Amino acid sequence: MKTIYKVLAGTTMIFSLSGCMDEMDKDPIGLLTPDIVNTSPTLNSVQYSVNSSYQMLSSTLNLIGEWGWDDGVVTRNDFVLYDIGSDDVLKKWASDGDQPWMDEVHNYTFIASNAAFNGIWSYLYEGVARSNLALSYLNDDNIIQSIGMDNAIRKRLLGEAYFLRAFYYFDLVTNFGDVPLLTAPIENFEEAYKVAERIDKEKIWTQITEDLSNAEENIPDSRFSSNSDPWRVSMGAVLAMQAKVALYKKDYAKVKELVGIIESKGYYELNDNYFHSFSINYEFVDKEVIFAYDHKSKVTPRNGNGLCALLGWGFVAPSENLINEFETNDPRKDFTFNAGKKVVYKILGDTTLVNQGNEDAASNKIYIRYADVLLWKAEALIETGDITGGIKIINDIRKRARNTVRFDGETVAPAGTLPDRSTMATKEQAFEWLMHERRVELSFESHRLRDLRRWGVAEKVLNANGQGFKERNYLFPIPQKDIDKSGGRLTQNTGY
């Protein structure tokens, strides 16, 4: 007997059951219509279901809709929420009225209907839906037997799908708090309505932990889980996400343990050159990147980094506040951006202007790299009283930076650049140094706002920068569209 499974729908929104009839062309997340039912999954379609689960991590243009600026879905909008929403980045090099919703995020004048929140919500729940579909295939023994999938491949793909669902839910719970929990494909509108309610965030964290545990059980323990596809989720990525969850839960002992395991495996080290993590020429041959989305040029369907096109239109510029944060002669500054040329090299993946304006650029989106992970451990050490150990890691990061051959490709920074921090510092001083190092080391990598909120200092830091951050902004608002579609079943965060 054939079990009915659905292939993936193209564009989904969440919970439109109770909305107006003109909204009914927008399917709830995971709801797949009868005309795209596939009663006999094939080996290729099952493998594709996993590959497609990665896609909502990309910066490719128009994955959801067609130039949906008003819905915030032209591209994945991490850069709006976490970079423009911080004190690091401005919407454009020259202030203008284009896409004012981005300015509202920066200034904290937004309301729940702002496109930024609809955009990230749509991308994340689409990612959850795709992951659920893949897991429904891979956990069905009858399907696996009928398509003849090798067990080792099945285990690896299972690990990838579990990781990706955890990854999407991590973003959901840290952005919105209590959110709907979907762990299986939705087959009808009645089911969609039932799940249109928020679940206590602790249950979401529990699901994330379980998914990452399942991923760890299935992913091969090697530098790459697949040598032919090095972009796939690896054991290092799983362990790193487990450490990140522990960091956000303030389980510093667990952070130290997990980062210690990553270190002991010897899969990663700091690149000799700071820019190699971002350079198109070093993708998957560098020593540092742990998890990245693999953009590719000249493929069908398109899979390029569309954010490079936005940079060509003048979007995404460093704030004066960020520019001033870099210490004198820090090589990382010149490899990150050039204010004179109005270019952000870390996003372009190249130290020329070749990708500026190129919607099909091959530059990868870096999600986790070793320097970031080491700084988690430094934070955990400082928080638990090992000031010397934490500062030692900070000094290792600074050493790599000052020893990086500078932008001219020939010289190194002059003596005295980025001197070591004193290991005799107080905890307060060490933490200030950590905050500084994370900011300059990881700028334009969509970490800044999340760090400020996680540390509980967003209101202080951003208001000193004139941005109007309020207590309620430690969580984003649930998109108003989805509250309306649910007939109020989906509730709003406090203060919005």
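Hi everyone, let's start inside the protein: the lining of the largest cavity has 8 nonpolar, 4 polar and 4 charged residues. Please keep in mind that this is a predicted model.

That largest cavity holds about 200 Å³ of space. Of its 16 lining residues, Lys 346, Ile 347, Lys 365, Ile 366 and Phe 444 are the closest to the centre. If you want to find the walls on your screen, look at helix H2 (78-84), helix H14 (345-348) and strand E8 (365-369), each of which gives at least two residues to the lining. The full count is 9 cavities of 30 Å³ or more.

Now for the second largest one, with about 100 Å³ of space. Which residues lie nearest its centre? They are Phe 167, Asp 171, Lys 244, Tyr 367 and Arg 450, out of 14 that line this cavity. Here the lining splits into 5 nonpolar, 2 polar and 7 charged residues. Helix H6 (151-176), H9 and E8 each contribute at least two of them.

Let's stay with H9, residues 235-248. Its 14 residues should span 20 Å at 1.5 Å a residue, and the end C-alpha atoms are indeed 20 Å apart, so the two values agree. Is this helix enclosed or open? Well, 14 of its 14 residues are buried, so H9 is largely enclosed by the rest of the structure. Just past its end, Lys 250 adopts a positive phi of about 60 degrees.

Last stop: Ile 261, in helix H10 (residues 252-265). Its relative accessibility is 30%, so Ile 261 counts as partly exposed. Its C-alpha atom is 9.3 Å from that of Gly 236, although 25 residues separate the two along the chain. Thanks for listening!

Note on methods:
Residues numbered from 1 in each chain as written. Predicted model: local features only at pLDDT ≥ 70, side-chain atom pairs only at ≥ 80, totals over all residues. Heavy atoms only, no water. Helix = DSSP H or I, 4+ residues; strand = E, 2+ residues; numbered from the N terminus. Expected span 1.5 Å × (residues − 1). Buried < 20%, exposed > 50% of the residue type's maximum accessible area, 1.4 Å probe, protein only. 1 Å grid on protein atoms, 1.4 Å probe; cavity = no way out; pocket = protein on both sides within 12 Å on 5 of 7 lines; lining within 4 Å. Points joined across faces, edges and corners; volume = space filled by probe spheres on them. Nonpolar A, V, L, I, M, F, W, Y, C, P; charged D, E, K, R; others polar.
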